[in-house]
Amino acid sequence: MRFQLGRISRVRVIVLSFLLVILIGTLLLWLPCSTRNGLETSLLDALFTAVSATCVTGLVVVDTWSHWTVFGQIVILLMIQIGGLGFITIAALFFMMTKKQMNLSTRTVLQDSISATQNGGVFRLTRKILKGTILIETCGTLLLSVRFVPVFGIVKGLYYSVFHSVSAFCNAGFDLMGGYSGAFSSFSAFYGDTYVTVVLCLLILIGGIGFLTWNDITVYGRKVQRYSLQTKMVLSATVVLILIPVVLFYITEYNGLMQGYSIRERITASLFCAVAPRTAGFNSVEITDLSESGYFMTVILMFIGGASGSTAGGVKITTIVVMMLSCVASMRQEKEAHIFGRRLDHDIVAKAANVFVINLSLASVITAVICFLQPLSLHDIFFETISAISTVGMTTGVTRALGMVPRLLVAFLMFCGRVGSLSFALAVTNTHPEPLIKYPTEHVITG
């Protein structure tokens, strides 16, 4: 059977591929063999978990270790891997293995799936992504096993290492620490473990900088001047979004959450607080114990997220940078924004503004709806909706208390956040040709 996608829009193919994975995952998690003895899984809980895993979010309504059997955990792990790379990218692997040719429309869908800038060489880039993923996750497994094997034993330690390496690299936020430090505890037992923190942070950052950034680094090495504009923007902004939050978390939580910590533990915890919200979902400190400043910074970091074409969520680093550059250009009364000797097209600025407004609007509207449906704290619900639309997975514990409709709304946010809120809007609306009639323009005062 030929792999023919020409009759359906590229965006809809990507959306439908995620829906297919969610459907299969839901059915597998609903099976009795996925749940530990004495426990039951409702269809809603299975669906929510499947959406969270496929959309690499990490919001859960049941503890991953305590509720799911090894079979259920492996199903979740597979959904994380497929969701992180994208179903289309995984499908391309089978074409490479069978040495079948892809037609132009299929290559274009694959290009959109991995956010490649051009169709040429997309097969080669996909092959590099798959090889790089295997290499990085294997290295992460080996590094984590150094700490986990002595604690959990050989078999369980290796299993923990594989699971958390994949979860961290795919920015998923699922963990198996419920059997070690308590249900929903994440990595709170390792808050001062510099080794585990650094390994997890590296996996999160590598997965979150984007496939195109990998490609530039592996091809050009230290020749930074040859990097694409996107890579330069992503790397420079990533450094800023690590250093500044680390310092701010260290200061704001010094006499609060981190009181009694040693200097090394404070630095380690601050690093994890700065990296994990973009958008891994792990936490080494209790979110509800953060100061108001720390809470606000976490929300901002979650909303920003990682790079385009990566395993991370959020509105993306480039979106924020483009909007900031556009604001600076406007304040300087310049017609066009520019950076690193390159001009930004007006269409890029408009798309960045669209993504920002759509994501914030979706989170705000659903926050209002959930507040109407359930008498919960606005403070906590807004945190949860931003975590969902940004596919982060950090939680104040509100998700587990939500009813059926609010839970489905959060699942909808996770799905929109993974496939892209703009892409989802395009998928469910019909495309119209260029209008033959253009209306006259008129000046409107703004600001």
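Q: How should I classify Ile267, given its relative accessibility of 45%?

A: The class depends on two cut-offs, with buried meaning under 20% and exposed meaning over 50%. In this predicted model, Ile267 has 45% relative accessibility and therefore counts as partly exposed. Ile267 is placed in helix α13, which covers residues 263–275, and its C-alpha atom is separated by 9.0 Å from that of Phe249, a residue 18 positions away along the chain.

Q: Which class does Gln81 fall into at 18% relative accessibility, buried or exposed?

A: The cut-off for buried is under 20%, so Gln81, at 18%, counts as buried. Gln81 is found in helix α4 (residues 70–85), and its side chain is joined to the side chain of Glu137 by a polar contact of 3.1 Å. If neighbours within four places in sequence are left aside, the contacts of Gln81 are Thr133, Glu137, Val166 and Cys170.

Q: How do these two classes look at the level of the chain, and what share of its 447 residues is buried?

A: Buried residues account for 52% of the 447 residues, and the chain contains 19 helices and 2 strands. The chain exposes about 21400 Å², of which carbon and sulfur atoms supply 66%. Among contacts in the chain with a separation of 6 or more, 70% come from residues 24 or more positions apart.

Q: Where does Asn171 lie, and which residues does Asn171 touch, not counting those up to four places away in sequence?

A: Asn171 sits in the loop between α8 (154–169) and α9, and with a relative accessible area of 0% this residue is buried. Not counting residues up to four places away in sequence, Asn171 touches Val56, Ile204, Gly207, Gly208, Arg278, Thr279, Ala280, Thr311, Ala312 and Thr391. Asn171 and Leu205 are 34 residues apart in sequence, and their C-alpha atoms are 8.7 Å apart in space.

Q: How many cavities of 30 Å³ or more does the structure hold, and which residues line the second largest cavity?

A: There are 2 cavities of 30 Å³ or more. The second largest has a volume of about 40 Å³ and is lined by Ile204, Leu205, Gly208, Ile209, Thr238, Arg278, Gly306 and Ile317. Helix α10 (residues 194–208) provides the largest share of this lining, namely 3 residues; by class, the lining divides into 4 nonpolar, 3 polar and 1 charged. Among the lining residues, Ile204, Gly208 and Arg278 are also touched by Asn171.

Q: What is the character of the lining of the largest cavity by class, and which residues lie nearest its centre?

A: The largest cavity contains about 80 Å³ of space, and its lining is made up of 10 nonpolar, 3 polar and no charged residues. Of the 13 residues in that lining, Cys273, Asn283, Val285, Ile287 and Met394 lie nearest the centre.

Q: What does the side chain of Ser186 reach, and where is the place of Ser186?

A: Ser186 belongs to the loop between α9 (178–181) and α10, and its side chain reaches the backbone nitrogen of Asn283 at 3.1 Å. At 4% relative accessibility, Ser186 counts as buried. Leaving aside neighbours within four places in sequence, Ser186 contacts Asp175, Met177, Ser181, Phe282 and Asn283; Asn283 is also one of the residues lying nearest the centre of the largest cavity.

Notes
Residues are numbered from 1 along each chain as its sequence is written. Side-chain values use heavy atoms; hydrogens and water are left out. On a 1 Å grid over the protein atoms alone, a cavity is a set of points where a 1.4 Å probe fits but cannot get out, and a pocket is an open set with protein on both sides within 12 Å along at least five of seven lines; lining residues have an atom within 4 Å of a point. Grid points are joined across faces, edges and corners, and a volume is the space filled by probe spheres set on the points. Ala, Val, Leu, Ile, Met, Phe, Trp, Tyr, Cys and Pro count as nonpolar, Asp, Glu, Lys and Arg as charged, and the others, Gly among them, as polar. Helices (H or I, at least four residues) and strands (E, at least two) are DSSP runs, numbered from the N terminus. Buried means under 20% relative accessible area, exposed over 50%, partly exposed in between (1.4 Å probe, protein chains only). A polar contact is a pair of N or O atoms within 3.5 Å; within protein, one must be able to donate a hydrogen and the other to accept it, and residues adjacent in sequence count only if both atoms are side-chain atoms. Contact means heavy atoms within 4.5 Å. Accessible areas come from the Shrake-Rupley method with a 1.4 Å probe; for residues, only the protein chains shown count as cover.
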